[in-house]
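Me: Please take me through this model. I have questions on the ligand site and the sheet.

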Amino acid sequence: MVDVVRIGLVGCGFMGKAHSLSYRNLEAVHWPKLPRIELTRVADAIESVAREGAERYGWQSAVDDWRSVTRGTDIDLVDIVTPNDLHAEAAIDAAEHGKFVLCEKPLANSLEAAQRMYDAVAKAGVGNQVNFVFRKWPAVVLAKRLIDDGHIGAVTRFRGWYFVEDALDANQPVGWRFDKTRAGSGSIGDIGSHVIDLARYLAGDLSAVLARLETVVPVRPVRGSSKVLRVAVDDAADILLRFASGASGSIQTGWAAAGHRNDIGFEVAGDEGAIRFGWERANELEWYRAGAQDGLSGFQTIVVGPDHPGGDLLWPAAGLGLGYGDAFLISLGDAVNAAAGSAVSAPSFLDGLRVCEVTDAALRSADTGTWISLPARSHTGA
Ligand code: NAI
Ligand code: SOE
């Protein structure tokens with residue numbers, strides 16, 4: 001294990017802030033289980049954004065060319081937090097220069113690009129992680145543990161959703177997320193990718209999907225321009241799922257969903273019980289055990305705290321509440337430990353590729369109106 005991990009960040013917008021704040025606190029939070037961290041370089045296509053990011057978050061240098069991060073001989077871990085269309089080029093370059101690569105979700109804006117990214121890290125033999133933060137969340141890891149330990153029996157159904165209302169206002173100017181060439185898809189890739197990852201994490205690989213997509217607002221104003229965008233991505237998606245295990249389920253997404261501020265959640269039903277979770281009550285997990293015939297059965301609420309996986313990183317007492325930034329402290333800590341050689345990273349680019357396979361199949365299904373089977377290899381994790 002190395003004793004210092006030197007980090008380079010590509011992109012300094014919303015996620016640039018989330019990741020930078022985490023890096024600043026990682027050593028203290030994971031103490032003494034993490035190597036020393038150096039915030040070596042930040043790149044942003046807009047030089048002033050990179051410079052301000054460096055000053056604000058403590059990066060040692062700022063550049064506008066991402067290659068001086070992916071090729072920097074003074075950098076061990078390259079963290080890519082740009083819009084989806086740059087993920088592949090930057091990640092492949094970083095892998096070819098021997099870096100550990102952490103990349104934001106979705107892994108890429110197309111299945112073809114995601115496959116190239118996976119091939120590049122596999123060929124270079126470098127560590128890799130895709131930042132599906134919600135599967136790192138204490139209540140979600142606890143859900144996985146309950147399922148794996150048989151506390152709901154055999155999984156029969158998964159129902160997942162991610163609704164936000166960010167795009168409810170048709171007149172509010174939009175950015176790259178609504179541009180199909182940059183993002184690849186709409187709500188299904190942007191927020192749905194998180195739920196597809198949770199479906200795989202909790203209930204195993206998928207074998208087929210049937211999807212219906214909807215663009216609620218066909219023309220939107222473009223941020224920073226007088227132009228309008230003819231929207232070619234989905235505002236909402238409904239996907240029926242078949243799992244390789246024989247279980248079934250559904251995922252719904254929508255980013256113009258009135259009343260839903262950041263509502264990602266799931267229900268997993270088994271033949272002996274069920275589990276449910278929703279981010280708007282992120283510190284709680286609900287668990288139901290079937291069978292009691294006393295008229296008193298129902299879901300029990302478990303409030304997460306130091307007894308639960310990841311919950312031990314912050315506060316010594318239960319119920320104080322963890323928040324959004326804490327999810328990144330957990331996820332990025334795992335990446336740094338993996339880059340230092342003391343852990344295997346998860347979720348990996350292979351998981352990111354599998355999610356892109358599902359998204360791509362759902363997009364094709366919506367075009368054809370038919371069920372689309374996923375390649376058998378995606379059931380094996382290989
Ligand atoms: P953003 O638009 O806020 O920031 C992106 C930044 O990248 C901007 O500062 C932009 O100038 C910069 N950039 C664009 N092209 C670049 C280039 N060629 N070289 C260097 N910098 C470049 O976007 P946001 O919200 O930070 O999203 C970034 C990524 O993070 C996306 O892939 C998104 O899907 C993902 N994301 C993940 C979340 C999670 O929960 N894990 C939450 C939000 C976003
Ligand atoms: C929306 O609320 C959001 O933050 C998106 O902007 C992200 O892309 C998604 O990863 C999480 O939710």
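Reply: A definition to start: two strands pair if DSSP finds at least two bridges between them. With that cut-off, two bridges join strand 8 (residues 206–214) to strand 17. Note that the model is predicted.

Me: In which sense do strand 8 and strand 17 run, parallel or antiparallel?

Reply: Two bridges link strand 8 and strand 17. In one contact of this kind, alanine 208 has serine 373 of strand 17 as its bridge partner. The direction in which strand 8 and strand 17 run is antiparallel.

Me: Which strands are the edge strands of the sheet?

Reply: The sheet is open, with nine strands in mixed pairing. Their order is 16-15-14-13-7-12-11-8-17. An edge strand here pairs on one side only, and this holds for strand 16 (300–303) and strand 17 (372–373).

Me: About what angle does the direction of helix 6 make with that of strand 15?

Reply: Helix 6 (residues 138–148) packs on the sheet. The strands touched by helix 6 are strand 7 (155–163), strand 13 (263–270), strand 14 (273–278), strand 15 (284–289) and strand 16. With the direction of strand 15, that of helix 6 makes about 20°.

Me: And helix 9, at about what angle does it run to strand 7?

Reply: Helix 9 (residues 192–203) lies across strand 7, strand 8, strand 11 (236–243), strand 12 (248–254) and strand 13. Relative to strand 7, helix 9 runs at about 160°.

Me: How many residues lie between strand 14 and strand 15 in their hairpin?

Reply: Strand 14 and strand 15 pair over four bridges, in the antiparallel sense. Glycine 273 has its bridge partner in strand 15, arginine 289. Between the two strands of the hairpin, the number of residues is five.

Me: Which residue of strand 16 is the bridge partner of glutamate 284?

Reply: Strand 15 and strand 16 are joined by four bridges and pair in the antiparallel sense. For glutamate 284, the partner in strand 16 is valine 303.

Me: Now the ligand. How many charged residues are in the shell around ligand 2?

Reply: The residues around ligand 2 include Phe14, Lys105, Asp166, Arg177, Asp190 and Asn262. By class, the shell has four nonpolar and two polar residues. The count of charged residues is four.

Me: What share of the area that ligand 2 exposes alone does the protein bury?

Reply: A polar side-chain atom of histidine 194 lies 2.8 Å from an oxygen atom of ligand 2. For tyrosine 162, a side-chain N or O atom is 3.0 Å from a ligand 2 oxygen; for aspartate 166, the distance is 3.3 Å. Taken alone, ligand 2 exposes 300 Å², and the share buried by the protein is 85%.

Key: Residues numbered from 1 in each chain as written. Chains lettered and ligands numbered in written order. Predicted model: local features only at pLDDT ≥ 70, side-chain atom pairs only at ≥ 80, totals over all residues. Heavy atoms only, no water. Near = heavy atom within 4 Å. Polar contact = N/O pair within 3.5 Å; in protein donor to acceptor, adjacent residues only side chain to side chain. Areas by Shrake-Rupley, 256 points an atom, 1.4 Å probe, with all protein chains shown as cover. Nonpolar A, V, L, I, M, F, W, Y, C, P; charged D, E, K, R; others polar. Contact = heavy atoms within 4.5 Å. Axes fitted to C-alpha atoms, helices over the stretch in contact; angles between N-to-C directions.
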